[in-house]
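Q: Could you take a close look at the cysteines in this one for me? I'd like to know what they are up to, and then hear about whatever else stands out.

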Amino acid sequence: MKKITLQMIAETVGVSKALVSKALSNDPAVKNETKELIWQTATEMGYRFDNLRKSISYSKTGNIAVLMPQAYLDDIEYWGKIIRGIDRELAINELSMMLSGVDISMDPEEGLPRSIHEGKVDGALLLGHIPEAFMEALEAKELPFVLVDSNIQNGKYDHILANNFLGAYEATNYLLHAGHHHIAFVGDSETALSFRERERGFEEAVKNFKMQTVQKVESSWVRGVGVSGRGNYVHTAFPDILRETITVKKVTGFFCANDRLAIETLRLLNDWHLKCPEDFSIVGFDDISLSEFVTPMLTTVRVPKESMGSRAVQCLQKRIQNNQPVTEQVLLTTELVERDSVRTKSEIRTHG
């Protein structure tokens with residue numbers, strides 16, 4: 001039987017030999033339609049794929065599943081921008097998104113969408129607080145996936161995150177250098193990996209400030225608010241905990257684990273006829289749109305949400321193509337956004 005060469009395939013399709021080589025290597029730079037035509041032609045001509053055929057799937061759907069807890073579908077202020085980044089990167093690569101809300105209380109086999117059970121997707125992006133059992137189910141199906149801002153800390157999974165530690169460190173340092181030496185972290189850190197990293201940044205900033213300035217700093221924690229797979233929550237005890245922090249511990253600066261908690265803190269202060277930033281300063285995290293529409297506008301830490309979505313797609317493509325020798329834990333840089341909710345050192349007032 002006559003040996004089929006790349007040149008012969010190229011002449012049959014009417015493209016260059018280099019393009020054929022890229023297509024057969026599943027290069028993402030080659031359009032899906034062209035890639036499919038070359039694969040089909042090569043198969044019909046009897047081209048021997050050997051190990052290449054085994055390592056690269058010939059039949060690609062062109063679809064990517066995006067899974068997120070159902071509760072997030074009602075509140076996508078944060079996740080909507082990540083999804084926008086995902087959609088933009090998929091469009092560049094001529095891929096389609098199949099977005100599904102997942103009931104995280106269900107068994108994975110029941111909770112996963114039909115698109116995955118029926119093999120209609122090439123891979124999946126898992127957003128937020130999706131239980132590890134769902135990841136294990138995808139592994140059993142040999143479906144590549146990447147985590148995006150997940151609550152799971154497992155080195156065997158590709159994971160795209162913001163650098164929560166450094167973002168929190170910078171925000172806390174900003175409060176300290178503004179003259180707030182009685183400060184508090186607001187949030188239940190055990191509820192989310194991102195919150196734990198933000199608390200760690202808070203603690204490290206306080207410790208280093210004490211060492212570098214030899215100034216006395218009192219740090220406190222305000223629990224009773226957090227985030228889960230069912231969204232943000234506030235315990236009924238939170239107002240009492242917050243009031244005690246103000247009256248007993250004399251806190252003047254609050255670093256909140258996300259913007260929604262910062263806005264809730266601001267609302268309670270307003271209810272008690274306390275003013276921000278005249279009486280208290282507040283810094284949030286995430287830079288959601290609402291942070292610019294409260295009074296005062298919230299100083300916060302901007303998370304590169306669209307870039308997280310884009311990077312997740314890029315990472316998943318490499319995983320689908322078996323082009324990823326090791327898993328990636330990607331931390332994208334955050335940015336402190338200075339607005340109106342932090343008062344400077346010279347303006348701080350003492351409270352009883």
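A: Sure, let's start with C276. Its sulfur sits 9.6 Å from the closest cysteine sulfur, the one in C256, and that is too far for a bond. Keep in mind that we're looking at a predicted model. To count as a disulfide, two cysteine sulfur atoms would have to be within 2.5 Å. A disulfide, after all, is a covalent bond between the sulfur atoms of two cysteines. Searching the whole structure turns up zero disulfides.

How buried or exposed are these cysteines? C276 counts as buried, at 9% relative accessibility. C315 is buried too, with a relative accessible area of 1%.

Now for a bit of helix packing. Helix α2 covers residues 17-24 and helix α3 covers residues 32-45; their axes come within 9 Å and cross at roughly 90 degrees. The two helices, α2 and α3, are therefore roughly perpendicular to each other. On the α2 side, the contact is made by L19, V20, A23 and L24, while α3 brings T34, K35, I38, W39 and A42. Sort the residues of this contact by class and you get seven nonpolar, one polar and one charged.

One last stop is T247, which lies in helix α11, residues 238-247. T247 counts as partly exposed, at 38% relative accessibility. Compare its position with that of T334: the two are 87 residues apart in sequence and 33 Å apart in space, going from C-alpha to C-alpha.

Terms used
Residues numbered from 1 in each chain as written. Predicted model: local features only at pLDDT ≥ 70, side-chain atom pairs only at ≥ 80, totals over all residues. Heavy atoms only, no water. Axes fitted to C-alpha atoms, helices over the stretch in contact; angles between N-to-C directions. Helix = DSSP H or I, 4+ residues; strand = E, 2+ residues; numbered from the N terminus. Parallel < 35°, antiparallel > 145°, perpendicular 65-115°, else oblique. Contact = heavy atoms within 4.5 Å. Nonpolar A, V, L, I, M, F, W, Y, C, P; charged D, E, K, R; others polar. Buried < 20%, exposed > 50% of the residue type's maximum accessible area, 1.4 Å probe, protein only.
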